[in-house]
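This report looks at how the side chains of one protein chain are packed and paired. Keep the sequence and the 3D view at hand while reading.

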Amino acid sequence: EKGLLLRHYTQNIDMLERIAHLPGELLVEAHGSFNTGHCVDANCRQEYSHEWIRDEIYADRTPKCEKCNGLVKPDIVFFGEALPERFHQLVSKDFPDCDLLIVMGTSLAVQPFASLVGRVPPTTPRLLINREKAGQSDPLMALLGFGSGFNFEGEDNYRFNSDDDNTGN
């Protein structure tokens with residue numbers, strides 16, 4: 001609404017961000033989404049809406065392309081498949097310009113998402129909203145080019161812990 005969000009990156013495939021009316025241009029669905037599907041036949045690639053796919057499944061039918069009779073697969077990324085090109089293009093564009101990184105509800109255990117914390121400038125504040133620590137800095141991963149992660153124990157860090165009392169102790 002105020003134009004403050006540069007981009008929202010998600011690993012979720014459930015369309016919750018779309019249901020919340022986040023504009024598509026501000027959304028990067030790194031693992032794809034059920035929002036659309038395509039015919040898997042490389043010569044066809046006909047696009048289908050999530051409503052069409054849902055209706056086929058609820059009618060107990062395998063979604064088949066109306067054009068070529070090939071299978072229709074939701075545009076989600078299965079293990080071993082490449083992430084969407086949009087993810088790679090926008091990470092390179094967005095992360096150097098990020099002035100606040102908010103990380104929520106993730107273990108940050110799987111690459112390449114786990115390395116995104118280290119793709120922002122070193123002076124960019126990083127806010128972790130999570131039930132447990134995630135994405136902790138790993139010197140070996142940093143050497144391999146996977147970013148630096150969160151440094152929870154650094155003496156120059158500043159943070160607020162909800163367990164702290166009002167005196168800052």
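How many residues does the largest nonpolar core have, and which of them have the most contacts inside it? The model is a predicted one. Its largest nonpolar core has 20 residues. Those with the most contacts inside this core are Tyr9, Phe87, Phe95, Leu101 and Leu108. Two elements, α3 (85-94) and β6, give two or more residues each to the core. The largest share comes from α3, with three residues. As general background, nonpolar side chains in soluble globular proteins tend to be buried together.

Phe87 shows what such contacts look like. Apart from its neighbours within four places in sequence, Phe87 is in contact with Tyr9, Val28, Ala30, Pro112, Phe113 and Leu116. There is also a second, separate core of seven residues, and Cys39, Tyr48, Trp52 and Cys65 are among them.

**Cysteines**

Two members of that second core are cysteines, Cys39 and Cys65. How many disulfides does a search of the whole structure find? The search finds zero. For Cys39, the closest cysteine sulfur is that of Cys68, at 3.4 Å, which is too far for a bond. A disulfide needs the two sulfur atoms within 2.5 Å. Cys44 is in no disulfide either, and the nearest cysteine sulfur to it, in Cys65, is 3.6 Å away. Both Cys39, with a relative accessible area of 0%, and Cys44, with 15%, are buried.

**Salt bridges**

Side chains of opposite charge can pair when their charged atoms come close. In the whole structure, five salt bridges are found. The table lists some of them.

| Pair | Closest N to O distance |
|---|---|
| Arg7 and Asp94 | 2.7 Å |
| Arg61 and Glu56 | 3.0 Å |
| Asp55 and Arg54 | 3.4 Å |

The salt bridge of Arg7 and Asp94 links distant parts of the chain: Arg7 lies in the segment before β1 (8-10), Asp94 lies in helix α3, and the two are 87 residues apart. Arg7 and Asp94 are both buried.

Are Arg61 and Glu56 buried or partly exposed? Arg61 is partly exposed, at a relative accessible area of 44%, whereas Glu56 is buried, at 14%. In the pair of Asp55 and Arg54, Asp55 is partly exposed at 41% relative accessibility, and Arg54 is partly exposed at 35%.

**A loop with buried polar residues**

The loop between β6 (101-104) and β7 (126-129) holds Thr106. Ser115 is also placed in the loop between β6 and β7. Thr106 has a relative accessible area of 15%, so it counts as buried, the limit being under 20%. Ser115 is buried as well, at 7% relative accessibility.

What do the polar atoms of these side chains lie close enough to for a polar contact? A polar atom of the Thr106 side chain is 3.1 Å from the backbone nitrogen of Leu108. Leu108 is also one of the residues with the most contacts inside the largest nonpolar core. The Ser115 side chain makes a polar contact with the side chain of Gln111, at 3.2 Å. Not counting residues up to four places away in sequence, Thr106 touches Gln11, Asn130 and Ala134.

Technical notes
Residues are numbered from 1 along each chain as its sequence is written. This is a predicted model: local features need pLDDT of at least 70, side-chain atom pairs count only at pLDDT 80 or more; totals for chains, interfaces and linings use all residues. Side-chain values use heavy atoms; hydrogens and water are left out. Helices (H or I, at least four residues) and strands (E, at least two) are DSSP runs, numbered from the N terminus. Buried means under 20% relative accessible area, exposed over 50%, partly exposed in between (1.4 Å probe, protein chains only). A polar contact is a pair of N or O atoms within 3.5 Å; within protein, one must be able to donate a hydrogen and the other to accept it, and residues adjacent in sequence count only if both atoms are side-chain atoms. Contact means heavy atoms within 4.5 Å. A nonpolar core is a set of buried Ala, Val, Leu, Ile, Met, Phe, Trp, Tyr and Cys residues joined through side-chain atoms within 4.5 Å. A salt bridge is a side-chain nitrogen of Lys or Arg within 4 Å of a carboxyl oxygen of Asp or Glu.
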